[in-house]
Amino acid sequence: MQINKTKNDSNLTLALSGRLDTNTAPLLEAELGGNLDGVTDLVLDFANLEYISSAGLRVILSAQKEMNARGKMVIKNVCADIIDVFDITGFSDILTIE
Amino acid sequence: MPEAYIKLSIAALLPVICAIILFLLDKHTKFGRLNYVLKQIIFGLVFGGLAVLGTEWGIPVNGAVANCRDGAVLIGGLMFGAPAGIIAGIIGGVERWIAVAWGVGSFTRVACSVSTIIAGFYAAALRKWMFENKKPGWFISLCTGVVMEVFHLTMVFITNMNTPEKAMEVVKVCTGPLVAANSIAVMLTAIVLALLSGEPLIKKKSGIRISQTIQKRMLATVVVAFVATSVFVFQLQNQIAEAQVENLLSMALDDITADIDDTTNENLLSLTRKIAAELETSDLNTLADKYDVADISIVDKNGIIVDSSAESFIGFNMASGEQSAEFLALLGDTKEFVQKYRPITNDANLLRKYAGVKTETGFLQVGYDANRFQRNIDESVVGITKNRHVGETGYILILDETYSVISAPKGLSPATLQENFRTSGIGKPNTTFSMNLGGVPCFARYRTTEGYYVVSVLPCDEAFRMRNIAVFVNTYMEILVFAALFALIYLLIKRVVVNQIKDINSSLSKIANGDLKETVNVRSNEEFASLSDDINSTVDTLKRYIDEASARIDKELEFAKNIQASALPNVFPAFPKRKEFEIYASMNPAKEVGGDFYDFYMTNQDTLHFLVADVSGKGIPAAMFMMRAKTELKTLTEAELPLCDVFTRGNNALCEGNDAGMFVTAWQGSVDLEEGVLRYANAGHNPPLVRHTDGQFEFLRTRAGFILAGMENVNYKTQELRLVPGDTVFLYTDGVTEATNADNKLYGEERLQTALNSREFDDMQELCDFIKTDVDAFVGDAPQFDDITMVAFRFLGAPAIPTIHFDEAKVEDINDVTAFVEAELEKLNCPMKTVIQINVAIDELFSNIVHHGYPDHKGPVTVKVVKKDTPHHAVCVRFEDEGIPYNPLQKEDPDVSLTADERQPGGLGIFMVKKTMDDLKYKYENGKNIMTIIKNLED
């Protein structure tokens with residue numbers, strides 16, 4: 001998985017490509033863990049993300065909780081398969097998906 | 001008299017006692033084992049001897065001789081056998097004939113001899129034809145004795161027809177003692193022998209024989225008819241006898257009175273003639289004194305007494321009175337005239353007898369009075385009556401007015417007779433009356449002649465002799481005729497009815513025992529012919545019904561056979577797409593439906609189950625129980641229970657409601673095709689034969705469990721056999737090993753093993769066909785007793801399964817696994833979405849194993865990809881690890897409705913897998929967690 005990071009003041013956009021799974025989720029977690037100070041708008045771009053596993057969901061959930069405290073988090077360009085995953089797991093209700 | 005009867009009783013008891021002794025000897029000693037002919041001769045001699053003793057020891061009763069000769073013969077014949085009776089009869093009869101030589105009475109010689117011989121044949125005939133060669137009962141014995149003696153007495157009449165009176169005497173005297181002694185002797189013997197044999201005296205009968213019914217009715221009718229005849233004969237003979245008596249008595253009286261009159265008339269006439277001759281020489285008074293007459297009168301032509309010794313008569317006109325006028329005939333042509341002793345015309349109180357003779361001047365009349373008349377009669381009458389008979393034994397009595405006897409036959413006391421008349425009086429004249437004279441009942445009739453009672457007497461015995469003979473003979477003949485009818489009815493009924501009924505019954509009992517080919521053919525008369533036809537047509541109808549019923553049953557059995565056959569998998573090859581194994585099975589039922597069955601089916605991609613079983617019994621019941629057993633075992637197997645539990649629970653289920661007490665032996669195997677493991681359980685079934693590649697067929701003799709449905713709560717064990725490709729398993733039922741040939745030899749296990757090892761088989765059908773042919777050849781023409789069922793299975797080996805293995809799997813290896821699986825999925829043209837879903841599942845499950853299964857996060861993990869064709873096209877990914885046993889499917893699903901802040905990380909992975917996969921399976925086996933995910937592939 002690759003993460004393209006675009007930071008603009010308090011806006012942080014992370015474009016993910018590849019697979020967000022057990023092995024790659026720690027990368028995203030590390031990325032978010034060190035860069036969220038002062039960020040009020042977090043955008044996750046899933047345009048090139050193939051799939052997401054529960055490890056990825058866990059990272060996304062903790063990011064959502066983090067951003068709930070300091071601003072907002074938006075996920076965009078989610079493909080149908082991953083929307084399915086969000087629907088199954090109830091994440092569709094707690095995430096902001098554009 | 002009583003003494004004579006006691007002697008007779010003792011004589012009659014002798015044959016009874018001998019019969020008892022012989023009977024006991026026959027029953028309880030060696031004597032009984034002698035052959036029949038010899039015994040009959042001995043019995044015949046003994047009873048013949050007793051008959052001789054009967055003759056020789058005859059007991060005089062009332063002047064005749066009664067004896068028990070016939071009784072001995074009857075006892076011999078009736079109780080001991082027909083030949084014995086005949087022998088005894090001949091001995092007794094012949095001896096009686098000869099015995100006349102030494103003083104035995106000759107009067108009844110013929111009657112007694114013939115009767116005795118006939119008694120022997122009579123007893124023999126009765127025993128043979130009426131009593132079915134058994135001892136008759138006491139009552140019949142009594143009757144037999146009575147009839148025999150009546151016959152004997154009738155014979156006395158028949159053989160002495162010329163002297164019926166004497167015969168009558170003998171019969172009258174002998175009837176009582178003879179009949180009683182002989183018949184009671186026979187009856188007593190019957191009673192005692194019955195008691196000794198332990199037979200009841202009064203037999204309880206289930207019904208009355210036809211002949212008895214007719215005999216009873218006939219008895220009543222015939223008795224009435226015979227009594228009526230006897231009464232009629234008696235009355236008729238009585239009337240005749242009385243008329244004859246009257247006739248006889250009055251004729252005797254006529255004769256005697258005429259004789260008396262003639263004598264007295266002649267006497268007086270001769271006096272008168274003498275006086276007439278002396279009229280010239282003497283005067284009338286002188287003459288009257290000389291001849292001692294009462295008066296002498298001379299009558300002139302005018303009928304006037306011109307002179308008389310009695311002066312008062314002179315001048316008397318003879319024509320003036322009836323008595324005197326009779327003498328006027330002498331004035332005509334009559335020369336002599338005698339008048340009876342009677343009152344005279346001119347003095348009614350004076351009785352005189354007159355005679356007259358014609359003279360030239362008129363006639364002379366002489367009369368004498370009672371004294372002179374009596375003297376005259378007394379002289380002449382005695383002479384006239386003394387030797388006179390009335391009939392044979394009757395006689396004439398002359399009595400005077402005081403009943404004193406003037407004349408009587410010799411041997412009768414006058415005083416007694418006078419006494420008899422004095423006491424009973426004499427009644428009216430010319431009327432027959434009965435009275436006792438000298439102690440003998442008699443008929444008597446009298447007439448008074450010239451002052452006397454002239455009595456003719458006939459003893460009643462003689463008067464009624466013919467009547468009595470007629471009645472006796474009539475009655476005896478009636479008894480004989482009745483006895484003959486009785487026997488005739490019995491024999492006729494037996495011949496015409498009973499024997500035919502027996503014939504019909506014997507046919508019916510054959511029919512009742514199932515021989516429906518038997519026909520009844522009694523055509524002796526119309527009724528039986530019609531009965532025979534009816535029975536035959538009933539049997540025909542029955543036969544037709546049975547044929548129809550059996551045809552229907554055959555048809556139903558055929559249906560049942562079809563149902564049973566279609567219940568067993570019978571399309572071969574059974575699994576054409578499976579290359580891991582081949583299987584073939586066959587069943588040849590002995591009857592239309594049998595108790596054997598086999599089954600095979602797959603419960604999943606990798607497991608083949610096959611079994612063979614044998615239900616006890618045959619036919620429909622076995623087939624029905626077989627269906628139950630088959631269903632039960634399959635249902636439990638399909639629930640994926642371990643094999644031992646399938647049998648344990650199947651056994652309990654089959655025990656339930658098994659009132660018929662049926663049971664099943666079964667051998668079931670379940671092959672894990674992937675691993676090449678045969679798991680099997682045996683419930684009392686024949687050991688199968690297993691051939692390992694390059695080896696020989698050997699019996700798989702492992703300890704078998706108890707039969708199914710035999711007893712509840714029996715435990716069964718699952719056993720394992722590892723298979724390598726090429727291994728063959730052959731299952732069979734005892735119909736194979738116990739197939740029997742004409743010599744009663746069994747096909748046997750050894751022959752089966754030899755046959756299996758005799759060659760190589762290209763496929764399993766060839767194997768089964770070969771064994772069937774071999775069994776058939778062995779059995780030959782002998783019938784097949786049991787179902788022949790075979791199942792042959794050959795393991796060909798599992799196909800290679802794509803596998804990736806890590807000895808020490810790490811989280812990082814997920815990528816390799818995903819790449820490996822993706823490559824396999826690509827071969828299956830798996831859609832992208834499915835690939836992604838499977839990848840996610842791999843990520844979740846593999847990371848779970850590594851993170852949670854192994855404490856130090858590394859350990860062996862194997863992942864396999866298997867394609868499935870049944871029940872859907874599907875792909876399976878299987879994860880095997882040797883970590884901590886853990887079933888992720890038991891983890892609770894997370895609550896997906898919570899807000900982000902409320903939600904905890906974790907638990908989502910398995911949840912997602914559950915949601916995206918079509919099926920998940922977990923098992924822990926041989927120290928391994930085996931987790932399989934199944935995803936259907938769209939067609």
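A salt bridge is taken here as a side-chain nitrogen of Lys or Arg within 4 Å of a carboxyl oxygen of Asp or Glu. In this predicted model, that criterion yields 34 salt bridges over all chains. A few of them, from chain B, are described below, followed by a sheet of that chain.

One salt bridge joins B:R352 to B:D295, with 3.2 Å between the closest N and O atoms. The two residues are 57 positions apart and tie together distant parts of the chain, B:R352 lying in strand β7 (residues 347-358) and B:D295 in strand β3 (residues 295-300) of chain B. B:R352 has a relative accessible area of 12% and is therefore buried, the limit being under 20%. B:D295 is buried as well, because its relative accessibility is 0%.

A second pair brings a strand and a helix together. B:D599 and B:K630 form a salt bridge whose closest N and O atoms are 3.5 Å apart. Here too distant parts of the chain are linked: B:D599 belongs to strand β16 (residues 596-604) and B:K630 to helix α16 (residues 619-638) of chain B, 31 residues apart. Both B:D599 and B:K630 are buried.

The salt bridge between B:R691 and B:E760 has an N to O distance of 2.7 Å. It spans 69 residues, from B:R691 in strand β20 (residues 689-691) to B:E760 in the loop between α19 (748-756) and α20 (764-779) of chain B. Its two ends contrast in accessibility: B:R691, at 12%, counts as buried, whereas B:E760, at 53%, counts as exposed. Elsewhere, A:R19, A:E50 and B:E822 are joined into one network by salt bridges that share partners.

Strand β20, which carries B:R691, also takes part in an open sheet. This sheet of chain B has five strands in the order β15-β24-β23-β20-β21, with antiparallel pairing. Strands β15 (581-588) and β21 (697-699) each have a single partner strand, so they stand at the edges with one side lacking a neighbour in the sheet. On average, neighbouring strands are turned by 15° against each other, direction ignored.

Within the sheet, β20(B) runs antiparallel to strand β23 (residues 728-732) of chain B and is joined to it by three bridges. B:L689 has B:F730 of β23(B) as its bridge partner. Helix α20(B) lies across β15, β21, β23 and β24 (788-795) of chain B, and runs at about 150° to β24(B).

Conventions
Residues numbered from 1 in each chain as written. Chains lettered and ligands numbered in written order. Predicted model: local features only at pLDDT ≥ 70, side-chain atom pairs only at ≥ 80, totals over all residues. Heavy atoms only, no water. Helix = DSSP H or I, 4+ residues; strand = E, 2+ residues; numbered from the N terminus. Buried < 20%, exposed > 50% of the residue type's maximum accessible area, 1.4 Å probe, protein only. Pairing = 2+ DSSP bridges. Axes fitted to C-alpha atoms, helices over the stretch in contact; angles between N-to-C directions. Contact = heavy atoms within 4.5 Å.
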